[in-house]
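I opened this entry to keep track of what I looked up in the structure, taking one topic at a time.

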Protein chains: 2
Amino acid sequence: MDPHLLATFVAVARHGSFSAAATELGYTQSAISQQIAALEADLGLPLLRRRPVEPTPAGARLLEHAAPLLLRLRAARADVLRAAARPRHRLRLAATPLSTGPVLARRLAGVRARRPRLEVALHTCGLDQVTAMVAEGEADVGLVDGIAAPSDPLRLPDAGPMTTARVSEEDLAVALPVDHPLAGRAALRLAGLVDARWVRSPLCPLARLRDLMGDPAGDGFPTGLEHTGDDVHTVLALVAAGHGLTLLPASALTPLVAGVPLAAPRLVHRVELLHGTLPPGTADLVKDLSG
Amino acid sequence: MDPHLLATFVAVARHGSFSAAATELGYTQSAISQQIAALEADLGLPLLRRRPVEPTPAGARLLEHAAPLLLRLRAARADVLRAAARPRHRLRLAATPLSTGPVLARRLAGVRARRPRLEVALHTCGLDQVTAMVAEGEADVGLVDGIAAPSDPLRLPDAGPMTTARVSEEDLAVALPVDHPLAGRAALRLAGLVDARWVRSPLCPLARLRDLMGDPAGDGFPTGLEHTGDDVHTVLALVAAGHGLTLLPASALTPLVAGVPLAAPRLVHRVELLHGTLPPGTADLVKDLSG
DNA sequence: TTCCCTTACGGAACCCGTAAATATT
DNA sequence: AATATTTACGGGTTCCGTAAGGGAA
């Protein structure tokens, strides 16, 4: 189970082709063929069906393990190197789009005011990428958001030992078109909305909602439209146009949409700060950010 | 970061000696020396100080990553092989000692009554070993227990993607010597016991209690005596002899000790069932066990 | 000196590229 | 026939064992 072989296996499975994987990895097709053969010999099982190239059941299982394993390997390397790295006067932040609410923006402003020479780089992307960037040391600190019961921690993808700290919790609102029949309500219950049409987007993970409603595998929260991307503005526009509902922190609402407070179950939009071993000199800085 | 090198690094660090690690792993000292040199060259950092052999700060960080990484690697291999394995009429259970309460024992009896030809092997050991055994396929199903807020899942060590299911939740009791001044109380609050003397044992993880009391790094729950082992009987004897208090599920109490219900915070002793990909034919069996 | 790790060196195994063979569409 | 994977083979590298070389107690 050489990680090297595991990585080529993942590449082959992703491309569905030995030759394409070879091109990506800078090997010859022959080398890829030999590597896959070596991996299959090691496990004593066929992992890929050929022509067309697709994983066998055993291969599919291995694929589920491979990516997180390789990530943790990179994360371990990054963490060790980071522990021995020089102090920087540069803070690299990775954040999910909704994590940068007013609470954090204010704290970040405070940090910058106190340290005028500090350079801050902020990159926004999806949850998995944020955790991966923090794990691999491409970002010093990550900011992630999600929906949770009050004072419950977020459930984050596992990329090795990392520290999390609560940054803020904020009320959730159901975003609706302004002319929606429910737009006038004072508050809404989630249970009454499981059959409404929802916009599926990474900003509002419906699977998480089903989970919280005690219906993990169920078919609640049907989606008329699926949006891929990290863009809050787009989602608001989709909701305003009547494509479906979504759940957002109250501070993210705009005049484009109507926002009705979510009454029950009691859920919050939670923001957490995420980091591995911090480079020397940034520890107090992180403390300022987490409050 | 070859896992092979990582494994020898762990062995060397554990033994504090190149030669001892060589003996354990079946290599010559020279080979070990070269492997460590290769790992240090790969990372560009010294990982071990020599004479005496002990990890550098960077090496210490790597050690924290290495063990879980190697476990996940073995777990991935086991999971893939398991997916292709033959059905067995043998169920191998691994369980923490307190996980086998009356609820589970009854269900297990039911399963055996319905499947007379089924052989059951049960091994009890600590939490980390149970998860490792399940991950590596040495056990088909694991049973683990812990203290949690009601209907909250347990926090388990991470050994790769595994499925957990709630088996039972039971009230907790504070175990006291029968002649203890508090033994007559109708109920006790945990907050009033943070300064009492406790028996530290794997059966009642005090770190977890501090965590639940919102004092993760604190010095609450002082211990007069530390017990290592998986033995409930011994812990009860220690408590009865006045070495300290402990927290146990009500069903584990014996006449040796007095048990006072825990009133606040509301905590339960929770048992969960843990398994990876199940061998064909055992899926329904697991469903019976989890209820 | 003794113990223990490091370095030098040689043989075997491994890994990848070239190129020919083979299988599927 | 065309495309894509497998196999054969050779050169270069890696890896481990033997054996000699150092440094600390």
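I began with the nonpolar cores of this predicted model, and I found that the largest one has 52 residues, those with the most contacts inside it being Val12(A), Leu47(A), Leu62(A), Val12(B), Leu47(B) and Leu62(B). I then looked up which helices feed this core, and at least two residues each come from helix 1 (3–15), helix 2 (18–25), helix 3 (29–43) and helix 4 (57–83) of chain A, and likewise from helix 1 (3–15), helix 2 (18–25), helix 3 (29–43) and helix 4 (57–83) of chain B. Another core, of 21 residues, lies apart from it and includes Ile147(B), Leu209(B), Leu247(B) and Ala258(B).

For Leu62(B) I set aside the neighbours within four places in sequence, and what remained in contact with Leu62(B) was Val80(A) together with Met1(B), Leu6(B), Phe9(B), Leu39(B), Leu43(B) and Leu47(B).

Next I examined helix 2 and helix 3 of chain B, whose axes are 8 Å apart and meet at an angle of about 110 degrees; the two helices are therefore roughly perpendicular to each other. I noted Phe18(B), Ser19(B), Ala22(B) and Leu25(B) on the helix 2 side of this contact, and Gln29(B), Ile32(B), Ser33(B) and Ile36(B) on the helix 3 side. Sorted by class, I have five nonpolar, three polar and no charged residues there.

Last, I checked how the chains are related: chain B superposes on chain A, with an RMSD of 0.1 Å, after a rotation of 180 degrees with 0.1 Å of shift along its axis, and the two copies are thus related as by a two-fold rotation axis. I also noted that the same surface serves both copies, since 100% of the contact residues of chain B recur in chain A.

Notes
Residues numbered from 1 in each chain as written. Chains lettered and ligands numbered in written order. Predicted model: local features only at pLDDT ≥ 70, side-chain atom pairs only at ≥ 80, totals over all residues. Heavy atoms only, no water. Least-squares fit on C-alpha atoms with pLDDT ≥ 70 in both. Contact = heavy atoms within 4.5 Å. Core = buried A, V, L, I, M, F, W, Y, C linked by side-chain atoms within 4.5 Å. Buried < 20%, exposed > 50% of the residue type's maximum accessible area, 1.4 Å probe, protein only. Helix = DSSP H or I, 4+ residues; strand = E, 2+ residues; numbered from the N terminus. Axes fitted to C-alpha atoms, helices over the stretch in contact; angles between N-to-C directions. Parallel < 35°, antiparallel > 145°, perpendicular 65-115°, else oblique. Nonpolar A, V, L, I, M, F, W, Y, C, P; charged D, E, K, R; others polar.
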